[in-house]
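Student: Please take one loop of this model and look at it closely. Then carry on from there to the other parts that can be described in the same detail.

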Protein chains: 2
Amino acid sequence: MARSYDVAVIGCGAGGYQAAVTAAQCGAKVALIEREGAGGACLDRACVPKKALARVASLLVQTRALVGQGLAGGMRCDIGAVLAHDQDLIADLKRRLPHRLRALGIDLIVGHARLRDPHTIGVTGPQGFARLLARRVILATGARPRPLPACPVDGERVVAANRLIPLLASEPRRLLCIGGGAVAVEAAFLFRTFGSEVTLATRGARLLTRPVVSERAARLLERKLSESGVAILKGVSVASTRIDQDGVTVVFDDGREGRFDRVLVAVGCVARADDIGFRALGVRCDAAGFVATAETLETSVPGIYAVGDMKGGPMTAAAALHDGRIAGENAAQGFARRRNYHQVPLVIDSILPLGVVGLSEDMAERAGFAPEVVYIPYGASAKARVQGASPGFIEIVHDEETGQMLGGCVAGAGADEFVHLLLGACRSRRGLWSLADLDYGHPSYGEDVGAVLGPYLARLVRTQPMVFRPGIYAHAD
Amino acid sequence: MARSYDVAVIGCGAGGYQAAVTAAQCGAKVALIEREGAGGACLDRACVPKKALARVASLLVQTRALVGQGLAGGMRCDIGAVLAHDQDLIADLKRRLPHRLRALGIDLIVGHARLRDPHTIGVTGPQGFARLLARRVILATGARPRPLPACPVDGERVVAANRLIPLLASEPRRLLCIGGGAVAVEAAFLFRTFGSEVTLATRGARLLTRPVVSERAARLLERKLSESGVAILKGVSVASTRIDQDGVTVVFDDGREGRFDRVLVAVGCVARADDIGFRALGVRCDAAGFVATAETLETSVPGIYAVGDMKGGPMTAAAALHDGRIAGENAAQGFARRRNYHQVPLVIDSILPLGVVGLSEDMAERAGFAPEVVYIPYGASAKARVQGASPGFIEIVHDEETGQMLGGCVAGAGADEFVHLLLGACRSRRGLWSLADLDYGHPSYGEDVGAVLGPYLARLVRTQPMVFRPGIYAHAD
């Protein structure tokens with residue numbers, strides 16, 4: 001007999017997990033179907049293990065910088081031990097997931113799902129075949145690495161970004177990272193810090209071409225990566241690749257040639273080939289093959305939603321979690337809440353930790369604001385100086401006519417949490433004031449922000465009161 | 001001829017500096033008088049150098065914990081180099097202060113100040129004698145370490161907390177820290193990590209007896225300090241001390257006896273003996289000798305204000321900066337803004353970084369709220385696990401009838417900035433909701449907070465809407 005659910009979620013990566021949790025918290029009876037066990041890319045091989053690796057790398061960078069300035073001795077990375085410790089940690093976190101799901105009354109079903117009709121899912125798993133009925137379905141099956149025709153992966157010498165961990169274990173002497181996005185940058189940082197010679201090749205004119213990342217942030221990141229010894233090639237594509245017994249020869253389209261032990265291809269994602277049956281039901285995809293969704297994350301078939309990497313948009317776990325909350329609530333309660341990626345921080349852990357949220361100056365201008373950037377360099381920051389985090393900076397984008405906070409960027413240690421404070425201000429009706437009249441610990445980055453805002457606010461007081469323009473942030477203050 | 005000012009500030013520590021800056025930003029003509037050059041205790045020998053030392057110590061603790069789990073080799077502290085690097089850094093930050101003051105049009109006057117009447121100050125300095133006239137005066141001359149009669153300082157074997165840096169340079173083999181507050185805890189952590197055998201003796205029944213620090217935080221701190229090798233004696237006072245050529249013998253009032261190379265006395269502060277003439281003008285002091293102030297920070301003499309350690313209250317740089325903002329604005333503009341230390345974070349950098357703000361559960365109960373504590377242990381936090389920050393936790397105190405956020409505590413890495421996010425929520429009319437509906441990076445501590453609040457909010461939605469009770473936080477959202 002088929003089990004019946006209010007909401008069935010297919011895929012338990014970050015987006016699917018969150019969609020199931022949110023739907024259950026809204027009171028829905030939820031099934032969560034996953035073929036490999038809960039966790040997804042994020043927990044298995046992306047965000048969480050990379051955060052652990054980035055922490056080890058960051059400790060190495062920081063302690064090395066202090067040799068002669070207070071620390072004596074030397075540390076090096078034992079990559080085998082790092083990865084083993086990492087795997088223990090992941091295994092422990094994964095063990096906790098099913099308990100959490102059970103506590104919320106969610107049925108976690110292991111197996112391959114296939115949509116029969118918009119309300120019927122067949123699941124083939126270790127326990128045999130089962131048929132589920134669901135009033136609404138949330139798709140969350142992720143994406144796969146984009147292949148690069150001129151540099152096909154062989155899984156050994158040339159690997160895709162989802163094989164970062166085994167690649168680390170191989171300890172390449174000379175590595176080529178192809179790509180200029182977050183994944184390539186994070187990988188270049190890790191391998192370089194752990195001892196590889198690293199070349200990063202991107203066809204972009206700069207690193208991190210996402211418009212939310214300011215020119216200043218991209219430039220400083222490039223400078224710090226270069227100073228750490230990463231060779232950066234910009235504006236180049238791979239023309240051809242030859243794998244032989246000892247390594248890989250890569251020819252670039254500008255005629256340069258390089259010889260590497262290993263190559264990491266990190267040039268984004270494409271849709272999965274296997275659509276688990278949704279296309280046949282009429283779920284429309286965009287030109288790139290990603291599932292097309294309305295702002296409510298509903299697909300072209302009523303009652304079927306899609307979240308995370310499978311629907312395109314920003315491919316970060318944070319965006320997938322955002323999707324999960326929106327789609328979970330909409331599916332469970334019939335709401336029509338809309339996604340808004342301006343509210344989702346982008347965090348990149350590398351030699352220059354970055355936390356970015358909202359609108360950059362360019363984006364704000366295009367959106368019709370009169371943006372002004374408050375630039376807070378770390379050279380004068382007591383906290384940054386004691387942390388060895390200079391050069392680095394905080395940028396605050398606000399509307400100079402109203403003081404509405406539009407976006408922010410933290411480039412330096414602690415960026416991953418500090419960006420949340422800036423996001424809170426973006427969502428506050430009080431804009432810059434909400435940052436200016438807090439009392440901060442001393443010394444702290446918060447204090448550095450609070451200290452510079454006075455003149456900007458004084459000018460606003462003299463002109464006009466704050467007007468919060470809705471539409472950018474779904475504020476509620 | 002006497003120079004005339006709107007506001008004269010005496011003392012350029014954290015509080016005086018901030019008072020001068022705020023008054024100048026309000027448009028006042030400001031004089032800032034300092035006998036030793038700008039900076040004060042905070043920059044010279046307290047917050048900033050200690051933050052730098054705590055960072056080195058924290059790196060050592062973190063890297064040592066990773067030996068065998070990913071790092072190989074060993075680091076030790078070269079205390080001479082640490083202190084030299086620290087002094088360079090402080091010197092550079094101090095060089096910047098006069099420029100900042102000048103940019104705001106503040107006259108920095110070096111010399112000893114003495115009040116002649118409430119509007120006249122005599123300054124004796126390297127340039128001779130000068131007389132200043134000021135419409136309002138802000139006193140900011142700080143405090144001095146509390147002496148312990150049973151353990152008098154000799155400046156060599158037995159020193160007060162303001163001599164932490166030279167004490168570090170002496171690299172004691174066996175150190176006794178007397179006191180159980182932030183200063184003693186921070187010192188015990190530093191000396192232990194840098195290689196000393198450390199005993200901490202406090203007459204308190206626990207560490208950190210300030211009511212804003214929860215029992216759970218104090219207990220975990222004690223456990224981690226003990227595990228690091230610090231011997232902790234609670235409920236004891238020093239009965240007698242004997243200094244001889246080779247060290248110090250300390251007898252406690254429970255009969256125990258200890259032998260140490262050096263002793264650090266960190267048992268709080270008392271008022272300075274030299275009152276620079278304000279008592280003669282009728283400025284009243286409390287029983288302990290600290291200047292008595294109204295909530296506006298005005299003293300018993302109209303037009304004379306006092307900020308920071310000299311007026312008692314919480315003796316942290318953050319509280320002094322808070323005072324500086326309030327008194328600077330009140331003095332410059334004739335406002336009557338009130339101080340509110342509930343809004344000022346308390347940050348303690350040690351083996352368990354702590355950031356605390358607002359009301360603890362006990363305080364909230366006494367204030368008439370129905371407090372409920374949301375406890376977020378780090379064992380299940382992906383970010384904490386990858387950072388090696390478990391055990392640790394975040395506590396959120398809110399009013400269970402309304403969801404008003406009353407206070408928070410972060411016990412673990414990054415506490416010094418994360419506490420600002422909790423403070424922002426305390427000041428928001430939206431209380432817990434302001435934390436629950438933010439999108440956080442992944443993995444992050446913010447995410448851990450957001451993830452647990454659902455059930456608390458769901459219950460509130462079912463009972464009654466948020467009512468923000470004023471009086472605790474000067475909210476403006």
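Tutor: B:Pro391 sits in the loop that runs between α10 (382-387) and β22 (393-399) of chain B. The model is a predicted one, and what follows is read from its coordinates. The peptide bond that joins B:Ser390 to B:Pro391 is cis, with omega at about 5 degrees. Most peptide bonds are trans. Chain B has a cis bond between B:His442 and B:Pro443 as well, where omega is about -10 degrees. B:Pro443 is also a loop residue, placed between α12 (432-436) and α13 (445-452) of chain B.

Backbone angles also pick out two residues with positive phi. Most residues other than glycine have a negative phi. B:Leu208, which is not a glycine, has a positive phi near 50 degrees. This residue belongs to the loop between β11 and α7 (215-227) of chain B. B:Leu208 counts as buried because 23 other C-beta atoms lie within 10 Å. In chain A, A:Glu171 is likewise not a glycine and has a positive phi, of about 45 degrees. Its place is the loop between α5 (164-169) and β10 (174-178) of chain A. A:Glu171 has 16 C-beta neighbours inside 10 Å and therefore counts as partly exposed.

The loop of B:Leu208 follows a strand of a sheet in chain B, and that sheet comes next. Five strands of chain B make up this open sheet, in the order β9-β16-β10-β11-β12, with parallel pairing. Its edges are β9 (158-160) and β12 (231-233) of chain B, each of which pairs on one side only. On average, and with direction ignored, neighbouring strands in the sheet are turned by 20 degrees against each other. Strand β11 (residues 197-201) of chain B runs parallel to β12(B), and three bridges join the two. Within that pair, B:Ala201 is opposite B:Leu233 of β12(B). Helix α6 (residues 182-193) of chain B packs on the sheet and touches β10 (174-178), β11 and β16 (262-265) of chain B. The direction of α6(B) makes about 165 degrees with that of β11(B).

Chain A offers another strand to examine, β2, which spans residues 30-34. β2(A) is mostly covered, with five of its five residues buried. The side chains alternate: A:Val30, A:Leu32 and A:Glu34 point one way from β2(A), while A:Ala31 and A:Ile33 point the other way. Both groups are buried, A:Glu34 included.

β2(A) has two strand partners to consider here. One is β1 (residues 3-10) of chain A, which pairs with β2(A) in the parallel sense over four bridges. In this pairing, A:Leu32 is the bridge partner of A:Val9. The other is β4 (residues 107-110) of chain A, which runs parallel to β2(A) and is joined to it by four bridges. A:Leu32 takes part here too, standing opposite A:Leu108 of β4(A).

Helix α1 (residues 14-25) of chain A completes a right-handed β-α-β unit with β1(A) and β2(A). The axis of α1(A) comes within 7 Å of that of α8(A), and the two cross at roughly 35 degrees. The crossing of α1(A) past α8(A) is right-handed. On the α1(A) side, the contact residues include A:Ala14, A:Gly15, A:Gly16 and A:Tyr17. On the α8(A) side, among them are A:Ala317, A:Ala320, A:Leu321 and A:Gly324.

The loop between α8 (317-333) and β19 (346-348) of chain A holds A:His342. Since 21 C-beta neighbours lie inside 10 Å, A:His342 counts as buried. The C-alpha atom of A:His342 is separated by 22 Å from that of A:Val185, and these two residues are 157 apart along the chain.

Finally, the two chains can be compared as wholes. Two copies of a chain are related by a rotation about an axis and a shift along it. Here, chain A is superposed on chain B by a rotation of 180 degrees with a shift of 0.0 Å along the axis, at an RMSD of 0.0 Å. The relation between the copies is thus that of a two-fold rotation axis. Of the interface residues of chain A, 100% are also interface residues in chain B, so the copies meet through the same surface.

Methods:
Residues numbered from 1 in each chain as written. Chains lettered and ligands numbered in written order. Predicted model: local features only at pLDDT ≥ 70, side-chain atom pairs only at ≥ 80, totals over all residues. Buried ≥ 20, exposed ≤ 12 C-beta atoms within 10 Å, placed from the backbone. Pairing = 2+ DSSP bridges. Right-handed = clockwise from strand over helix to strand, strands pointing away. Axes fitted to C-alpha atoms, helices over the stretch in contact; angles between N-to-C directions. Contact = placed C-beta atoms within 7 Å. Least-squares fit on C-alpha atoms with pLDDT ≥ 70 in both. Left-handed = near helix turned anticlockwise from the far one by under 90°.
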